[in-house]
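Me: Could you take a close look at one part of this structure with me? I would like to go through the spaces in the protein, starting with one of the pockets.

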Amino acid sequence: MATQYQLPFKLADPTLLHFDSFVGDKWVQAKSGQRFEVLDPGTDKAWASCPTNSADDVPDAVEAAHEAFQHFRKVNPRQRAKWLLKWHDLTTQARDDLAQIVTHETGKPLAEAYGELDYSLGFLWWFAGEAERIQGTVSTAAAPNRRLFTIKQPIGVAAALVPWNFPVAMVLRKVGAALAAGCTMVVKPSPETPISALVLAELAQRAGIPTGVFNVLTTDLENTPPLSEALCKHPLVKKVTFTGSTRVGKLVASHCAQGLKKVTLELGGNCPFIVFDDANLDQALEQLMTLKWRHAGQACITANRIYVQAGVYDRFAALLKERTATLVVGHGSTAGTTMGPLTTPRSIDKAIAQVNDARQRGADVLLGGSPLTSQPGYFFEPTILSGMTDEMQISHEESFAPIAALYRFDTEDQAVQWANATSMGLASYAFTKNIDRMWRLLENLEAGMIGMNTGNQSAAESPFGGIKESGYGKESGKDVAVNEYLVTKTGTLTIEGQY
Ligand SMILES: O=CCCC(=O)O
């Protein structure tokens, strides 16, 4: 359907853009005919609309994916790899256009949108390689004349429930693994970021990926829970992958439990970032600057609680303040912007509540602390809070906002105890030049991913996933990610006349 909205940017290839859902090989409306608006978080203005699909629209999409699976499961892995590589090449060519779209959906600065695209392209490249490396096993049984072997087969139709903070990366991380395994997929992008997912569908079609293998069902905030529930409970959906909050992850798991569906959950972080007295402070600071302010703090692996040892606390806080004060907050497409808006107005409300709570309980606001209301859009000042303590809200819940919360600690044991004092366990970061201590931290910090003198550990080749209430299952990395979309079948063979 043509859109009546004015595009706030120019595309080199406007035919990439679609504003309808993609099921099978067709661009489709919701059965209800309803549509919802897509807003630019940097202006609060609508620039597109998409179909408001409901639970009623789920069966057509799942059936299209199921029909496609009957053929796709038998396609030679090399052919699947070639399609993924072709998709990679076409997405690379569309990089400039996709960057504009990501910036206008999420608010992130263009340079960060490019960074997300390069990260995303890594998934198509990586999973093309993984497709041909799916292997079973052969072994000799204890019983005589018997051999055991296992084969791996695609599990079936997968449903992906995707967040808005990295809309291209999160789609491609999930679908790359699914297609490498031989599964087909129905993607439900977030209400904030449907357009980039639809561009990926256009590119998948151009890459020759067969009809029904990649489907996109858009919907608004209100219809997200029932549509997602219908996907989780549809009998032909055999696998669900979700990235988002722990609260919603538990709901997804409970919907899937009824059908004993295989589930991957990438949930909340509340990640600690620990700086010891013997750290290279420049290194720690530089890593924190990127990790904390990336997408205005809206990443599940961002540093939520920053623990700094007493000997360097004041210096580190002063340096962080000095560097943070140089950030330029503005619309993501404006040249020179280094931090964009939050993606949703809900996030502003939460940030205000968290800063007020910390302030009332005795924290000092070293920088920022308020929404920026002088311009339209959902802007919040880069904020540094010092003197944080355990009873403050931020200690127990993710900010998902540009708030750096500093805690002073004395000993390694104290830092580890505080870092682990959370129900979550996605990522932890530690900065020290003491190798014995670093090894102890690797073993003692309760998280699925440990950054050691680095704040950047996300990559296609690196297994991504948490423990505790940060979820289960791995995305990306060798074998583990594709395994999430495979089932193992065991064969037992009797061989006469052998041993
Ligand atoms: O926010 C979740 C994903 C972040 C990442 O993949 O680095």
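Which element gives the most to the lining of the second largest pocket, and with how many residues?

Reply: Happy to take you through this one; please keep in mind that the model is a predicted one. The element you are after is α4, which gives 4 residues to the lining of the second largest pocket, the most of any element.

Let's stay with that pocket for a moment. Its volume is about 290 Å³. There are 14 residues in the lining of the second largest pocket, and those closest to its centre are Phe166, Thr290, Arg294, Asn456 and Ser458. Two elements give two or more residues to this lining: α4, spanning 110–131, and α9, spanning 281–293. Sorted by class, the lining of the second largest pocket holds 4 nonpolar, 6 polar and 4 charged residues.

Some of those names come back when you turn to the ligand. Around the ligand you find Tyr119, Asn165, Phe166, Met170, Arg173, Arg294, Ala299, Cys300, Ile301, Ser458 and Phe464. Phe166, Arg294 and Ser458 are thus part of the ligand's surroundings, and they are also among the residues closest to the centre of the second largest pocket. The shell around the ligand is made up of 7 nonpolar, 2 polar and 2 charged residues.

Three side chains deserve a zoom here. In Tyr119, a side-chain N or O atom is 2.6 Å from an oxygen atom of the ligand. For Ser458, the distance from a side-chain N or O atom to a ligand oxygen is 2.7 Å. Arg294 places a polar side-chain atom 3.2 Å from an oxygen atom of the ligand. On its own the ligand has 240 Å² of accessible area, and the protein covers 100% of it.

Where does the ligand sit, then? The space it takes is the largest cavity. That cavity holds about 80 Å³ of space. Its lining consists of Tyr119, Pro163, Asn165, Phe166, Met170, Arg173, Thr243, Arg294, Cys300, Ile301, Ser458 and Phe464. By class, the lining of the largest cavity has 7 nonpolar, 3 polar and 2 charged residues. You will recognise Tyr119, Arg294 and Ser458 in this lining.

A search of the whole structure turns up 2 cavities of 30 Å³ or more, so let me show you the other one as well. The second largest cavity contains about 40 Å³ of space. Of its 14 lining residues, Pro272, Met424, Gly425, Ser428 and Glu446 are the closest to the centre. The elements that give it two or more residues are α12 (412–420), β19 (424–425) and β20 (427–431). Its lining divides into 6 nonpolar, 6 polar and 2 charged residues.

Finally, here is the largest pocket, to set beside the one you asked about. Its volume is about 1100 Å³. A total of 35 residues line the largest pocket, with Trp164, Gly244, Ser245, Arg247 and Val248 nearest its centre. At least two lining residues come from each of α7 (224–233), β10 (237–243), α8 (246–258) and α11 (345–360). In the largest pocket α8 gives the most, with 6 residues, whereas α4 has that role in the second largest pocket. The class breakdown for the largest pocket is 15 nonpolar, 12 polar and 8 charged residues.

Key. Residues are numbered from 1 along each chain as its sequence is written. This is a predicted model: local features need pLDDT of at least 70, side-chain atom pairs count only at pLDDT 80 or more; totals for chains, interfaces and linings use all residues. Side-chain values use heavy atoms; hydrogens and water are left out. A residue is near a molecule or strand if one of its heavy atoms lies within 4 Å of it. A polar contact is a pair of N or O atoms within 3.5 Å; within protein, one must be able to donate a hydrogen and the other to accept it, and residues adjacent in sequence count only if both atoms are side-chain atoms. Accessible areas come from the Shrake-Rupley method with a 1.4 Å probe; for residues, only the protein chains shown count as cover. On a 1 Å grid over the protein atoms alone, a cavity is a set of points where a 1.4 Å probe fits but cannot get out, and a pocket is an open set with protein on both sides within 12 Å along at least five of seven lines; lining residues have an atom within 4 Å of a point. A molecule sits in a cavity or pocket if more than half of its atoms lie within 2 Å of its grid points. Ala, Val, Leu, Ile, Met, Phe, Trp, Tyr, Cys and Pro count as nonpolar, Asp, Glu, Lys and Arg as charged, and the others, Gly among them, as polar. Grid points are joined across faces, edges and corners, and a volume is the space filled by probe spheres set on the points.
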